[in-house]
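Reader: I should like to request a close look at one part of this model. Please treat a single residue in detail and then place it in its wider setting.

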Amino acid sequence: MKLFYKIEFNSTNLYYKHILENLVKDNGINASIKQYKGFILIICDDSEEKIEEFFTFLGENLPLSIFLGKSYVIDSFDESLEELEDKNILQNVSMYTNKDILNIIKENENIDFSNDIKKIKEGKVSKIETHNGFKDLFLPSKSLREEFESNNFEVKLFVCNLNKLSELVAVNQKDLQLLCSIERPLVKLKFNILKNENKEYSKTNFIYVKLPDDKETILFASALQKEGIDYLLYAKEESLQDGLKITYIKEDNLIIRGEKSLFPRYDYNLDKKYNSSKEFFDDNGGVIKATLVSRNKRIKPSIAVYFSYASNNSAISVNVPGKGLKDIISIPNIICDVNNALDEISVIDENTSRLVENYKKKFPQYFEKDLKNKDANGFEAILNLTAYILGMEDYIEFEDDAFLYNAKSGIQIDMKLVKVDGINYLDYRRVVQSIMSYKMADVNNRMLAYSFYESLSDFIKDNITKINSELNAKDVVLCGDIFANNILLSKVIDGLNKSFDIILPKDTALDY
């Protein structure tokens, strides 16, 4: 009996194919594994009984992957399709199945972590060497967390006992599938009520969560669990590899940024090996062009939106074959100075001048601290300024407040254009002035933050529709880490998917 089994797989890296090949070998079935762009094919040629046994075996042993899609039997297969050639690239991923993890723990049960655990129980920091550098681990502590964050470390949650995770954060089946996938990505989860009341874990109501992902952390987590420690906080320099940050919308997984399991990679369209996302994006002219390249869309007209928190190149652009990429609307890189921003808002008209003065009188406490990260660009600078004026710390707290809003629609924040030196910019002054006006009317921060992303989605949809009246494109590219925000992304997709094909990166990240 011959059977074709198709597994949708949104990566051209071959490590998952090798896992399947090993499972075929372990089961002893007569089957071959072939990988193509967008899917993996299992071709079984054995008895019906053996095939049924094999798929039962797969169900028990096949690990999850963030790149997996639907899987199903197909009647026939086009053998003229070109199989991906194995370029023998060493993948940046530790391929541990559940069976492998149990074996690692069993074979290394005599390793002694007592000194590290003693230090952690005393409220100190333990530095553990892992495959990708060192991690500083410690029990939840507001003072330690703030100390690391003040030195530009991001603090995340390290899970030792998965069975206890739901006691701390809200986690659904999709979240668990991502956390437990073989790539072991970082997933942002929301704390349960009162679990982060004193800010020991995070300055917001959310935190990025990670399971052990290499031999060292697997063993350490096992030792910690035996001592009754279910999770720790950890800090790691952002320059060091720490896996993928990932989110999802409906059935689609979206990689926000990261290298693990993505690079090194071989680009079969360009016939070239890339060692990092920066190398891939830079070589192809930025995130937009790289996304078009990876989807074979370079030779078709399209509209692209690259909105990134940190980049100084956020813009709505058009891609015209033969002419290249041209920015139509840009996001300004403002001076990160509160007084300068308020002066610019004050001169819009006589009403805004009064607004600024009245706002300072009503909320003097907001202006007593310093504005953080004065070197920020683009959206990060605009939202850091907005967060400051609302009494929040930074754009991260602003965005997380948006996620806490519990209604389906907000209020309209002004998103208007201003032309400077012949370039159309989003007028950040109007954005901030609009939010200040609502705040004066006692609108709460959660509604204001949510409304910003909702209004930004309207801004994107309206301008794409206007631009396309002359371009007549069918494709819209969405990239940049702002689109990891599900409020924004879902509303943009809902507003555009009836008129356009929406292109999101599938096997690369949304941003550098």
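Which residues does Asp-401 touch, not counting residues up to four places away in sequence?

Author: The model is a predicted one, and the account below should be read in that light. Setting aside residues up to four places away in sequence, Asp-401 touches Met-392, Asn-445, Arg-446 and Ala-449. Asp-401 itself is found in helix H14, which comprises residues 395-404. Its relative accessible area is 15%. Because a residue counts as buried under 20%, Asp-401 is buried. A further reference point is Leu-488, which stands 87 residues from Asp-401 along the chain, with 14 Å between the two C-alpha atoms.

The helix that carries this residue can be described next. Seven of the ten residues of H14 are buried, so the helix is largely enclosed by the rest of the structure. Besides Asp-401, the buried residues of H14 are Tyr-395, Phe-398, Glu-399, Asp-400, Ala-402 and Leu-404. Their cover includes two strands, E9 (186-191) and E10 (206-210), together with the helices H13, H16 and H17 (486-496).

Two of these covering helices, H13 and H16, lead to another helix. Helix H13 (378-389) and helix H16 (445-471) are also among the elements that cover the buried residues of H15, along with helix H11 (338-346), helix H12 (350-362) and strand E20 (423-426). H15 itself covers residues 428-440, a run of 13 residues. From its first C-alpha to its last, H15 reaches 18 Å, close to the 18 Å expected at 1.5 Å a residue. The buried residues of H15 are Tyr-428, Val-431, Val-432, Gln-433, Ser-434, Ile-435, Met-436 and Lys-439. Following H15 comes Asp-442, with a positive phi near 70 degrees.

H11 and H12, both part of the cover of H15, also pack against each other. Their axes come within 7 Å and cross at roughly 140 degrees. H11 and H12 are therefore oblique to each other. On the H11 side the contact is made by Leu-342, Ile-345 and Ser-346, and on the H12 side by Thr-352, Ser-353, Val-356 and Lys-360. By class, the residues of this contact divide into three nonpolar, three polar and one charged.

A second helix pair, H4 and H8, may be set beside this one. Helix H4 (residues 114-121) and helix H8 (residues 215-226) have axes 11 Å apart and pack at an angle of about 60 degrees. That angle makes H4 oblique to H8. The crossing in which H4 passes H8 is right-handed. In this contact, Asp-116, Ile-117 and Ile-120 of H4 meet Phe-220, Ala-223 and Leu-224 of H8. The contact of H4 with H8 has five nonpolar residues, one charged residue and no polar residues.

H8 merits its own description. The twelve residues of H8 should span 16 Å at 1.5 Å a residue, and the end C-alpha atoms are 17 Å apart, which agrees. Its buried residues are Thr-217, Ile-218, Leu-219, Phe-220, Ala-221, Ser-222, Ala-223 and Leu-224. Among them, Phe-220, Ala-223 and Leu-224 also take part in the contact with H4. The elements covering the buried residues of H8 include H3 and H4, as well as strand E5 (126-130), strand E6 (133-138), strand E7 (154-159) and strand E11 (231-236). Just after H8, Gly-228 takes a positive phi of about 80 degrees.

Some backbone details in the loops complete the picture. Asn-88 is not a glycine, yet its phi is positive, at about 55 degrees. Asn-88 is placed in the loop between strand E4 (68-74) and helix H3 (98-107), and H3 is one of the elements covering the buried residues of H8. With a relative accessible area of 67%, Asn-88 is exposed. Lys-250, likewise a residue other than glycine, has a positive phi near 55 degrees. Lys-250 lies in the loop between strand E12 (245-249) and E13. Its relative accessibility is 68%, and Lys-250 therefore counts as exposed. Strand E13 (252-257) also borders another loop, the one between E13 and strand E14 (265-267), where Pro-264 lies. Pro-264 is joined to Phe-263 by a cis peptide bond, with omega about 0 degrees.

To return to the residue of the request: Asp-401 is buried, and its contacts, not counting residues up to four places away in sequence, are Met-392, Asn-445, Arg-446 and Ala-449.

Technical notes. Residues numbered from 1 in each chain as written. Predicted model: local features only at pLDDT ≥ 70, side-chain atom pairs only at ≥ 80, totals over all residues. Heavy atoms only, no water. Axes fitted to C-alpha atoms, helices over the stretch in contact; angles between N-to-C directions. Helix = DSSP H or I, 4+ residues; strand = E, 2+ residues; numbered from the N terminus. Parallel < 35°, antiparallel > 145°, perpendicular 65-115°, else oblique. Left-handed = near helix turned anticlockwise from the far one by under 90°. Contact = heavy atoms within 4.5 Å. Nonpolar A, V, L, I, M, F, W, Y, C, P; charged D, E, K, R; others polar. Expected span 1.5 Å × (residues − 1). Buried < 20%, exposed > 50% of the residue type's maximum accessible area, 1.4 Å probe, protein only.
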